[in-house]
Amino acid sequence: MQEVKLEPTVISYSAGISACEKGEEWQRALTLLSEMREVKLEPNAISYSAGVNACEKGGQWQQALSMLRIMRLRKLNVDFNVYGITASMCEQGGQWSQALSLFREVHVQVTGG
């Protein structure tokens, strides 16, 4: 985009992150998320969700969990799918307590308490 002098946007970065997920390039997806902040663009829920999906393809539960925490800290709307994917990856990585904690959070959100 920069070569053809187009200004990157959150949407274009999110599309790139999603393309990385489909191409199983989780490292590149995380690089794009970092680049967004460098060019003063704030990743949104879609950007992070695409990043979590990319991490799922690469089996990177730590990275997915980190993105989920960032989403919660920034008070972004976290899709239940993101919780499910992250919890499943934690379980596969032997992180049972993390997985159970995520399921509890979803339960609290759904039931309100």
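What is the relative accessible area of arginine 72? It is 28%, so arginine 72 is partly exposed, a class lying between buried (under 20% relative accessible area) and exposed (over 50%), with a 1.4 Å probe and protein chains only. The model is predicted: local features need pLDDT of at least 70, side-chain atom pairs count only at pLDDT 80 or more, and totals for chains, interfaces and linings use all residues. Residues are numbered from 1 along each chain as its sequence is written, and side-chain values use heavy atoms, leaving out hydrogens and water.

**View 1. Arginine 72 pairs with glutamate 105 in a salt bridge.** The closest N and O atoms of this pair are 2.8 Å apart; a salt bridge here is a side-chain nitrogen of Lys or Arg within 4 Å of a carboxyl oxygen of Asp or Glu. Arginine 72 sits in helix H4 (residues 61-73) and glutamate 105 in helix H6 (residues 96-111), so the pair links distant parts of the chain, 33 residues apart. Helices are DSSP runs (H or I, at least four residues) and strands are runs of E (at least two), both numbered from the N terminus. Like its partner, glutamate 105 is partly exposed, with a relative accessible area of 23%. Elsewhere, salt bridges that share partners join Glu21, Lys22 and Lys57 into one network, and the next view turns to that group.

**View 2. Lysine 57 and glutamate 21 join their side chains in a salt bridge.** The N to O distance is 3.2 Å. Helix H3 (residues 45-58) holds lysine 57 and helix H1 (residues 10-22) holds glutamate 21, so this pair ties together parts that are 36 residues apart in sequence. What sets the two ends apart is their cover: glutamate 21 counts as buried at 11% relative accessibility, whereas lysine 57 counts as partly exposed at 42%.

**View 3. The surroundings of glutamate 21 in helix H1.** Leaving aside neighbours within four places in sequence, glutamate 21 is in contact (heavy atoms within 4.5 Å) with Ala50, Asn53, Ala54 and Lys57.

**View 4. Glutamate 35 meets arginine 28 in a salt bridge.** Their closest N and O atoms are 3.3 Å apart. Glutamate 35 is partly exposed at 23% relative accessibility, and arginine 28 is also partly exposed, at 38%. A search of the whole structure finds five salt bridges.

**View 5. The span of residues 9-43, annotated as "repeat: PPR" in UniProt.** The annotation comes from an unreviewed entry; the feature name is shortened, the positions follow the numbering used here, and such annotations may be inferred rather than shown by experiment. In the model, the end C-alpha atoms of this span lie 10 Å apart, and the span is 74% helix and 0% strand.

**View 6. The whole chain as a backdrop, with six helices and zero strands.** From the N terminus on, the elements run α-α-α-α-α-α. The radius of gyration is 15 Å, close to the 13 Å that the globule rule gives for 113 residues, so the chain is as compact as a globular protein of that length; the radius is taken over C-alpha atoms, and the rule is 2.2 Å times the number of residues to the power 0.38. Along the principal axes, the C-alpha atoms fill a box of roughly 50 × 30 × 20 Å. Of the 113 residues, 37% count as buried. Among contacts between residues at least 6 apart in sequence, 54% join residues at least 24 apart. The accessible surface comes to about 6800 Å², of which 53% belongs to carbon and sulfur atoms, using the Shrake-Rupley method with a 1.4 Å probe.
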